[in-house]
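Colleague: I have just opened this one and don't know my way around yet. Could you walk me through it?

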Amino acid sequence: MPARPLPLEERLAARGVSRRQFLKFCAAMSAALALPSTFTPRIARALNTAERLPVVWLEFQDCAGNTESFLRAESPGVADIVLEQISLEYHETIMAPAGHRAEHSLDAVVENYPGQYIAIVEGSIPIANGGVYCTIGGRTALSIAERVCSNALATIAVGACAWDGGWPAASPNPTGAVGVRQAVPGLKNLINLPGCPMNVINLTAVIVHYLTFKQLPATDEQGRPFFAYGQLIHNNCERRGHFDSGRFVERWGDEGHRLGWCLYKMGCKGPQTLSNCPAVGWNGTSYWPIGAGHGCVGCMSPRFWDTMSPFYERLPNVEGFGIEVTADTLGAIAVGAVAAAGVVHGVASAIRASRHPIATHGGETLVEAAERAVQVVEQIAGPVKAEEKPAEEAGKPMASGDTRESVRPDRDGPSAS
């Protein structure tokens, strides 16, 4: 294991990174990992005393976008701390050795640190015709991945291509490009960080989680960490209020676009994409695609090149979204505008829940969200009268000749029907 000559704080100080910056980084990691701020000191202690992790970074069928994301991390900060905390033994793009010497560096890690190094894989792995479409040093990407990843402490697949094949795997996929999971089946400790590219904050958080707790973060059935891929972008989007109010950008550069209205009609895939983009931003800033005025293209979603394109056409009607009662109806429940604003989404969720009870919203079912909203209203305004509950009205059959609409006629958002 590479030696740790000095505590991390001292090594960072020699590079001009202050203790304040270090603790700020630890606090940011607590937030990124969805941990209480009380974990910040624990993360700081762990990073100060942890041994440097040997890391090998493999690049296969890729555009180097994830490497670019890694190199453009906030500085001083993430980049300095990550590079001090890991020992990057092999990375074709940035390493000094070349040719046989470079391959010797890779072989040395696999042989000297079996089960002790982290393998980071960028790019898809072609398996058609024996994998001949990507070779390095006379070896196929498939054989390299099988050897390196099978002997690693953990494998982190960064970017859409390493996750499920990405762009090279888009139809018709002539090279048989696949992600790491399919190329090396049965891998233990595989973490998938999809995205085009992945966010370096999430990669850093995975490493910090391991150094702090000596285990990898919890993941979903597709190997994605819950802390980074546990919420729909739509739930935390800064333009969500415009969506709920029916204010959409109709064309690029129109008034709504200038005012920051919802980009759903312009093809935004936020309602179907799981990611923490709105919370962590990119490259040490609060900026992200939707914040910059461009819709989400769903690059964190499975096979997004095929399933999310055309990128500038709106999604078909998305189940579980869209206000289905008027603001006037909801306003009758509360005693003021503030109270009404607080329950609009929850009460509307009750209507949707009756149609789609398995949908979730912010970690709870729609029914639970609606019940919680009604409880808040009752605390403010007293018990809600039966005739004022839109959820109950929505469940009643319409009388003959009743032509009431459940949505506003000028609304063209996604429907739950």
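**Two helices and some cysteines**

Modeller: Let us begin with helix 6, where the cover over the buried residues includes strand 1 (53-59), strand 2 (86-91), strand 5 (135-136), strand 6 (139-140) and helix 7 (141-150). This is a predicted model, in which local features need pLDDT of at least 70 and side-chain atom pairs count only at pLDDT 80 or more, while totals for chains, interfaces and linings use all residues. Residues are numbered from 1 along each chain as its sequence is written, and side-chain values use heavy atoms, with hydrogens and water left out.

Colleague: Which residues of helix 6 are buried?

Modeller: They are Ala-102, Glu-103, Ser-105, Leu-106, Asp-107, Val-109 and Val-110, where buried means under 20% relative accessible area, exposed over 50%, and partly exposed in between (1.4 Å probe, protein chains only).

Colleague: And how far does helix 6 reach?

Modeller: Helix 6 covers residues 99-112, and its 14 residues reach 20 Å from the first C-alpha to the last, close to the 20 Å expected; the expected span is 1.5 Å times one less than the number of residues. Helices (H or I, at least four residues) and strands (E, at least two) are DSSP runs, numbered from the N terminus.

Colleague: What about helix 10, is it enclosed or open?

Modeller: Helix 10 has 13 of its 14 residues buried, so it is largely enclosed by the rest of the structure. It runs over residues 200-213, and its end C-alpha atoms are 20 Å apart, in agreement with the span expected at 1.5 Å a residue.

Colleague: What happens at the start of helix 10?

Modeller: There, a side-chain oxygen of Asn-199 comes to within 3.0 Å of the backbone nitrogen of Ile-201. Just after helix 10, Lys-214 takes a positive phi of about 60°.

Colleague: Changing topic, how many disulfides are there?

Modeller: The count is zero, taking a disulfide as a pair of cysteine sulfur atoms within 2.5 Å.

Colleague: Why does Cys-161 have no bond to Cys-196?

Modeller: Cys-196 holds the cysteine sulfur closest to that of Cys-161, but the distance is 6.1 Å, which is too far for a bond. Cys-161 is buried, with a relative accessible area of 17%. For Cys-262, the closest cysteine sulfur is in Cys-268, 6.4 Å away and again too far for a bond, and Cys-262 is buried at 8% relative accessible area.

Colleague: And how many helices and strands does the protein have?

Modeller: The protein has 20 helices and eleven strands, and 51% of its 417 residues count as buried.

Notes:
Contact means heavy atoms within 4.5 Å. A polar contact is a pair of N or O atoms within 3.5 Å; within protein, one must be able to donate a hydrogen and the other to accept it, and residues adjacent in sequence count only if both atoms are side-chain atoms.
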